[in-house]
Every structure is written in C-alpha cells, then in structure tokens.
Amino acid sequence: MTALPSPEDFTELAPGWTPAKKAVFLDHLAQTGNVRAACARVGMSREAAYRLRRREADFARGWGAAMVLAGDAGTELLASCATDGTEHRVYFHGELVDTYRRIDARLLLAHLGRLDKAADDKRAQADAARFDELLAVIAGQPVPEELQAKNDILPIDRELVARERAVEFQDALEEEFERQDEEDDEDLLEIVEIMERKEEREAALAEAFARGRAEGLRLRDAWSDGAHDFVDRLLGRSDGGFSPRTVSDVSTSALAAGLAAASPLPPPQLADSATSG
C-alpha cells in the first residue's frame, strides 16, 4: 500500500518564488499587464505564477492590483495610438526606403478588454492606490504593531492612524483631569474658577488632540516612506525614491514592449532564480 504524503512534503508551496521575485513580478505586471513578460523578468514559468496565485492569497491580491494599474497605462497608450498611430518602416533590398504611421488599436482594445475585468474589483482598485505599500509587505517589510490592521496585511489607513492616536492623547489627558477632580472638592470652588478650569481643560484637550494627530501622521508616514524606499531598492528604481505610485508612474512604453513580447527582458539578478515548473 502506497504511503500517504506527510505534511512536511508540502511545506514549500511555491518553490523558487522568493519575496523579492514576487515583488519584481508584480511590479512588472503592473507596467505591462503581460504575465509571460513578467515571468521572463524573474526567470519563472507562467505555470508557476498561476499556481502561486491559486495558493497564496496575498500574491493574488497583489496580482489584482497590478492588473488595475496595467489597465490605466493601457488606456493612456491606447489614446496615443488612436491619435498618433504607430510608425512602420518599409525596406527594399535591406534598405529603409519609407516610413508611415498606421492607426490600429485592435490589439490594445482586446488587451484592455481583459484588463477591464480587474478594474471591476473594488478591492483591487483600492490596493492599486497603495501598490508600493502592498509590494513592500509581500516582499517582507514588517508592519509595526501600532500600525497593524485587524484583518488586513496592509497597515491602518493614514487618517485612521492619525485619529486613533489623537483620541489616545485626549483620553490620557481626560484621565489626568479626572484624577485631579478626585483630589479637589469642587463644592469649595467658586463658580468663576470652575468655568475658567473648564475653558482651560477644553483648550488643553484640543491641543492634545492636535499633538496626537500629528504623532499618528508622523508614525504612519515614516513607515510608508520606509516601505517605498525598500521597494525602490528592491526593484532597482533610479527615480530617487519617488512615492507613492501614480498612473503616470506606470510606463506606457513598457506596456507596448510587453504586448509585443517578441524579446522578453532578461531576468534581474535575484536570489534563487532557478525556473520553477
């Protein structure tokens, strides 16, 4: 009787896929929308990429966000093709004799039809707005405990962090006021003094709220800036740490190259780059 496999046989769900490779793959996918080109970029097979997407929810989430960004870039390139056309060269006996421009966006229209499906995913749209942060987390950048969300791998939203920290500062000051009140006998205080104390406390609480909000924003922005720098170094970007990603940050020329897919880009020098099937 054949022995059943043990749990140890399945400890590595995605052999060959390092955190760095995942981030590079997703970043290239966001630029091109082309799975084959993104696989060539990291030296992995298409089968391995789709298998990883089935097995790893975080990677699948990054994939969805990448396709939204690729759709944005494709829309821009489509508009350019529709108005300016594409240049074609005419050769005779090996010599260039003429050039002309042809407006033909059928290939891009078909490609965008597939990308539009990703744009219907509300979560993918939201993730696309925080794509570099998502790449950082997938690639192993830790999220501090005070910024961790309960049911999400991404840190708490910036404004929510600011408000939570502001309320913490305010609550701490209110507790201090309550301790002071327990020590004082308000029955012995004059009404004027009580009103003055109330006004002073309201001003102090407002100041505490502002200080807490500023501290929350500082903590959140510090993590975000660090995550962007981490991704920039990982991907070898030369834009000096530009962040966060915008639609204009997605290269339309890269999309055209990806669609052509005639000569895929060589894989970068990443650890453990053996092709997985």
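**Three places to look in this model**

Tyr100 is found in strand 2, and I would like to start there, keeping in mind throughout that what we have in front of us is a predicted model. With a relative accessible area of 38%, Tyr100 counts as partly exposed, because that label covers the range between under 20%, which is buried, and over 50%, which is exposed.

Tyr100 also belongs to a nonpolar patch on the surface, about 370 Å² in area, which it makes together with Val90, Phe92 and Val97. If you follow the chain through this region, you will see that strand 1, residues 86-92, and strand 2, residues 95-102, each supply at least two residues of that patch.

Let me now move to a pair of helices. The axes of helix 2, which covers residues 35-42, and helix 3, which covers residues 46-55, come within 9 Å of each other and cross at roughly 100 degrees, so helix 2 is roughly perpendicular to helix 3. On the helix 2 side, the contact is made by Val35, Arg36 and Cys39, while helix 3 brings Arg46, Ala49 and Tyr50 to it.

My last stop is Arg201, which lies in helix 9, the helix of residues 191-235. Is Arg201 buried or exposed? Its relative accessible area is 14%, and Arg201 is therefore buried, since anything under 20% is counted that way. As for what surrounds it, and leaving aside residues up to four places away in sequence, Arg201 touches Phe177, Gln180 and Asp181.

Technical notes
Residues are numbered from 1 along each chain as its sequence is written. This is a predicted model: local features need pLDDT of at least 70, side-chain atom pairs count only at pLDDT 80 or more; totals for chains, interfaces and linings use all residues. Side-chain values use heavy atoms; hydrogens and water are left out. Patches are made of residues with over 30% relative accessible area and no salt bridge: like charges are joined within 9 Å, nonpolar side chains (Val, Leu, Ile, Met, Phe, Trp, Tyr) within 5 Å. Accessible areas come from the Shrake-Rupley method with a 1.4 Å probe; for residues, only the protein chains shown count as cover. A salt bridge is a side-chain nitrogen of Lys or Arg within 4 Å of a carboxyl oxygen of Asp or Glu. Helices (H or I, at least four residues) and strands (E, at least two) are DSSP runs, numbered from the N terminus. Buried means under 20% relative accessible area, exposed over 50%, partly exposed in between (1.4 Å probe, protein chains only). Axes are lines fitted to C-alpha atoms, for helices over the stretch in contact, and angles run from 0 to 180 degrees between N-to-C directions. Angles under 35 degrees count as roughly parallel, over 145 as roughly antiparallel, 65 to 115 as roughly perpendicular and the rest as oblique. Contact means heavy atoms within 4.5 Å.
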